[in-house]
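Subject: Structure handover

Hello,

The structure is below, followed by notes on what was found in it. Please read the two side by side.

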Amino acid sequence: MDRWKYFEVTHATHGLMNPLSPPRIDALGEALRLGAGHRVLDVACGHGVMMQQWHERFGATGVGVEASPYTAARARTLAADRAPRAIEIVEGRGEDFATDERFDVACCLGAAWIWGAYRGALEALSRFCKPGGAVVSGEPYWR
């Protein structure tokens with residue numbers, strides 16, 4: 001069975017695939033003081049909606065990394081429609097992603113497990129940040 005195909009089917013109707021709502025994404029962008037010229041890395045970006053919203057609202061640009069080929073393809077289509085040339089979607093495993101670029105914000109919401117756990121996610125994401133940059137990590141939970 002293709003696990004990524006199953007994942008795409010179960011998330012097909014989700015714009016956002018992380019535990020935040022659009023107003024909370026805006027609030028997070030405000031807390032991060034995002035603005036034009038800021039670069040964001042979103043590991044396990046899903047459909048890339050958070051970065052698209054941050055681009056529209058604050059002018060930030062960046063890179064999304066997504067392991068699922070189906071989800072990455074959808075993220076590319078959405079980014080081309082909502083934020084042409086502002087967001088690059090890289091298909092690949094977040095834990096294998098490498099770049100020399102350093103970002104103003106490095107985030108991973110809902111997938112800290114790719115680095116073993118929360119602490120591993122914080123350590124990995126911090127390596128992608130510029131000095132003074134911000135790391136954002138969060139996990140969903142059941143109420």
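A residue is called exposed when its relative accessible area is over 50%, and buried when that area is under 20%. By that cut-off, Pro23, Arg24 and Ala31 are exposed on one side of helix H2. Please keep in mind throughout that this is a predicted model.

Overall layout

The chain has 143 residues, and 43% of them count as buried. Its secondary structure amounts to five helices and five strands, in the order α-α-β-α-β-α-β-β-α-β from the N terminus. Of the contacts between residues at least 6 apart in sequence, 67% join residues at least 24 apart. The exposed surface of the chain is about 7800 Å², with carbon and sulfur atoms supplying 53% of it.

Helix H2 and the loop after it

Helix H2 covers residues 22–31, and its buried residues are Ile25, Asp26, Leu28 and Gly29. Viewed down the axis of H2, these buried residues fall within an arc of 160°, so they line one face of the helix. The exposed residues Pro23, Arg24 and Ala31 are on the other side of H2. What do the buried residues of H2 pack against? They pack against H3 and S5.

Isoleucine 25, in helix H2, has a relative accessible area of 0% and is therefore buried. Its C-alpha atom is 7.8 Å from that of tryptophan 54, although the two residues are 29 apart in sequence.

Just after H2 comes arginine 33, with a positive phi of about 55°. Arginine 33 is a residue other than glycine, so you may want to look at that value. Arginine 33 lies in the loop between H2 and S1, and at 71% relative accessibility it counts as exposed.

Helices H3 and H4

Helix H3 (residues 49–58) and helix H4 (residues 69–82) pack with their axes 10 Å apart, at an angle of about 10°. That angle makes H3 roughly parallel to H4. Which residues meet where these helices pack? From H3 there are Val49, Gln52, Gln53, His55 and Glu56, and from H4 there are Ala75, Leu78, Ala79 and Arg82. The residues of this contact divide into four nonpolar, three polar and two charged.

Threonine 71 is in helix H4. Is threonine 71 buried or exposed? With a relative accessible area of 0%, threonine 71 is buried. Between the C-alpha atoms of threonine 71 and glutamate 91 there are 8.9 Å, and along the chain the two residues are 20 apart.

The loop between H4 and S3

Two residues are worth listing here. Arginine 85 is found in the loop between H4 and S3. Its phi is near 65°, a positive value in a residue other than glycine. Arginine 85 has a relative accessible area of 84% and is exposed.

Alanine 86 is found in the loop between H4 and strand S3 (87–91). With a relative accessible area of 6%, alanine 86 is buried. Not counting residues up to four places away in sequence, alanine 86 touches Arg39, His55, Thr61 and Gly62. Alanine 86 and glycine 59, 27 residues apart in sequence, are 8.8 Å apart from C-alpha to C-alpha.

Helix H5 and strand S5

In helix H5 (residues 118–126), the buried residues are Gly120, Ala121, Ala124 and Leu125. Around the axis they cover an arc of only 125°, which puts them on the same side of H5. Their cover includes strand S1 (39–43), strand S4 (103–109) and strand S5 (129–138).

Serine 137 has its place in strand S5. Its relative accessible area is 16%, under the 20% cut-off, so serine 137 is buried. Which residues does serine 137 contact, leaving aside its neighbours within four places in sequence? The contacts are Cys108, Leu109, Ala112, Tyr118, Ala121, Leu122 and Leu125. Among them, Ala121 and Leu125 also belong to the buried residues of helix H5.

Regards

Key. Residues are numbered from 1 along each chain as its sequence is written. This is a predicted model: local features need pLDDT of at least 70, side-chain atom pairs count only at pLDDT 80 or more; totals for chains, interfaces and linings use all residues. Side-chain values use heavy atoms; hydrogens and water are left out. Axes are lines fitted to C-alpha atoms, for helices over the stretch in contact, and angles run from 0 to 180 degrees between N-to-C directions. Helices (H or I, at least four residues) and strands (E, at least two) are DSSP runs, numbered from the N terminus. Angles under 35 degrees count as roughly parallel, over 145 as roughly antiparallel, 65 to 115 as roughly perpendicular and the rest as oblique. Contact means heavy atoms within 4.5 Å. Ala, Val, Leu, Ile, Met, Phe, Trp, Tyr, Cys and Pro count as nonpolar, Asp, Glu, Lys and Arg as charged, and the others, Gly among them, as polar. Buried means under 20% relative accessible area, exposed over 50%, partly exposed in between (1.4 Å probe, protein chains only). Accessible areas come from the Shrake-Rupley method with a 1.4 Å probe; for residues, only the protein chains shown count as cover. The arc is that of the directions from the helix axis to the C-beta atoms.
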